[in-house]
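Me: I would like a close look at one part of this model, followed outward to the charged pairs and the pairing of strands elsewhere in the chain. Please take it step by step.

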Amino acid sequence: FGDGRDGVTLTATPGFERYEWLFYGSSSQAVVTTGTTHQKYVANSPGLYSVRAYVNGCESVSNTVRVEMRPVAAKPSIQRIGNYLSVVNPIVSPAQYYWVQRISERQNRGIEHGWEYAPSSSGTYFVRLTNDAGCSIDSDLLTVTIATVRHRIETGSYTALQGRPFDIQFRLTGLVGDARAVGATSVTLTLRCFAGLLFPMPNQRAVVQHREDESRDRLITLNFPLPNRVQANETVILGTLQMIAGIPSGSVPNTTNTVRATTATRLLLENIVFLTPTGKAIQGIITETQIGMFRLQSAENIASDNPEPPSSISSETKELRLNIAIRPNPIPQGLLTLEYALWHDTEEDIVVSAHIQDMFGNRVKTLMQGEAHRRGTYTREYSTHGIPQGTYVLVMQARGVYCTTLIAVY
């Protein structure tokens, strides 16, 4: 109640001359008259209550009501940290805190549950705490004005040999303000690249998720902690992503002294989100990006059985085309499905070999050794049991033509 009392109002049916409120305390206690003779009674103790009512010398007894006393929720306190709000010393689960925007004296807009809230616009907010007993209480109001920060994220340019790891370095430059000052503690980046060309090395702490979409693009999600502070025009290293480059399925490695190169034209940062300590996307941070060129040199033959490429290509080799695909990739420890196709102008048998090797060229599993094939398409299944988790290269050879693809076993 407004006067500071805790209790519940009990109201009897009107129209009687006099009322006598009764308190049982419990079913085992005797009836006690409260002394109240009005139609309404404020009960401030737990127990059973009823009322006797009198009119024209007649008495009527009401039903019995049970009153329970539950603890009131402790008033929460909130604080502003840059561009977001946070509960000070939360005492219960985030689901019991509900953020509300004050639109006017008579209008509020509920938003979401949680210990933190990152407003999308400036305004006045509070949090409502509901305890286990279902009692709610609101914090004081707090006004947030979204501050604007501007940064630039960039990478260098890279040239890498197929089958060899290399690092992509991400750098952060301060332009206006500082992301830490408005409450951000980390940044999440989504990198898009061609899945058949680039693959992240496994077990990297920064990699949150990587997957392929329907267009055979690889989406790699990274999370880097932010440095303590980035001054204007200061550049710091956010972190690195270790990648491995491979020859796209169906291409022929270099077999002469000429160095060939392939450009990964779809290496780009697709999404950038700055986060609070609990993973809320924070507003007001504008990010410029500058992604360098990536080039893959296929100057080395990665088939460990034939480290020296032949000095010339026969006409038969030039007429042979070889293509391979792995399903699924990454490969769970169990079975891999190898799909491959051979095209040749003649009806002669083509001798095919295939194996899996690690990044150092060590063979870990032979899939086929000198098997005769007619031209056409084939599907084979192979067990991956015994192959440790990691990234490998699958190498297929037919008449001096090599086709490779990166695979990951998990």
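In which segment is Gly7 found?

Reply: This is a predicted model, and in it Gly7 is found in the segment before strand E1, which covers 8-11. Gly7 is partly exposed, its relative accessible area being 37%. The C-alpha atom of Gly7 is separated by 9.2 Å from that of Val67, a residue 60 positions away along the chain.

Val67 belongs to a stretch that leads on to a charged pair, since strand E7 is made of residues 65-67 and Lys75 lies in the loop between E7 and E8. Lys75 forms a salt bridge with Asp140, with 2.7 Å between the closest N and O atoms. Asp140 sits in the loop between strand E14 (136-138) and strand E15 (142-144), so the pair ties together parts that are 65 residues apart in sequence. Asp140 counts as exposed because its relative accessibility is 52%, and the cut-off for that class is over 50%.

Strand E8 (78-81), at the other end of the loop that holds Lys75, belongs to an open antiparallel sheet of three strands in the order E8-E9-E12. E8 and strand E12 (116-117) stand at the edges with a single partner strand each, so one side of each is left without a neighbour in the sheet. The pairing of E8 with strand E9 (residues 84-87) is antiparallel and runs over four bridges, and Arg80 has Leu85 in E9 as its bridge partner.

The salt bridges come to 13 in count. Among them is the one between Arg152 and Glu154, whose closest N and O atoms are 3.8 Å apart; Arg152 is partly exposed at 22%, whereas Glu154 is buried at 13%. Another joins the side chains of Glu371 and Arg380, at 2.9 Å from N to O, and here Glu371 is partly exposed at 27%, as is Arg380 at 26%.

Salt bridges also link Arg192, Asp213, Asp217 and Glu270 in a network. Asp217 lies in strand E22, which spans residues 217-225, and is buried, with a relative accessible area of 2%. The side chains of Asp217 and Arg192 are joined by a polar contact of 3.1 Å.

As for covalent links between cysteines, a search of the whole structure finds zero disulfides. Cys135 is partly exposed at 23% relative accessible area, while Cys193 is buried at 0%.

Note on methods: Residues numbered from 1 in each chain as written. Predicted model: local features only at pLDDT ≥ 70, side-chain atom pairs only at ≥ 80, totals over all residues. Heavy atoms only, no water. Helix = DSSP H or I, 4+ residues; strand = E, 2+ residues; numbered from the N terminus. Buried < 20%, exposed > 50% of the residue type's maximum accessible area, 1.4 Å probe, protein only. Polar contact = N/O pair within 3.5 Å; in protein donor to acceptor, adjacent residues only side chain to side chain. Pairing = 2+ DSSP bridges. Disulfide = S-S within 2.5 Å. Salt bridge = Lys/Arg side-chain N within 4 Å of Asp/Glu carboxyl O.
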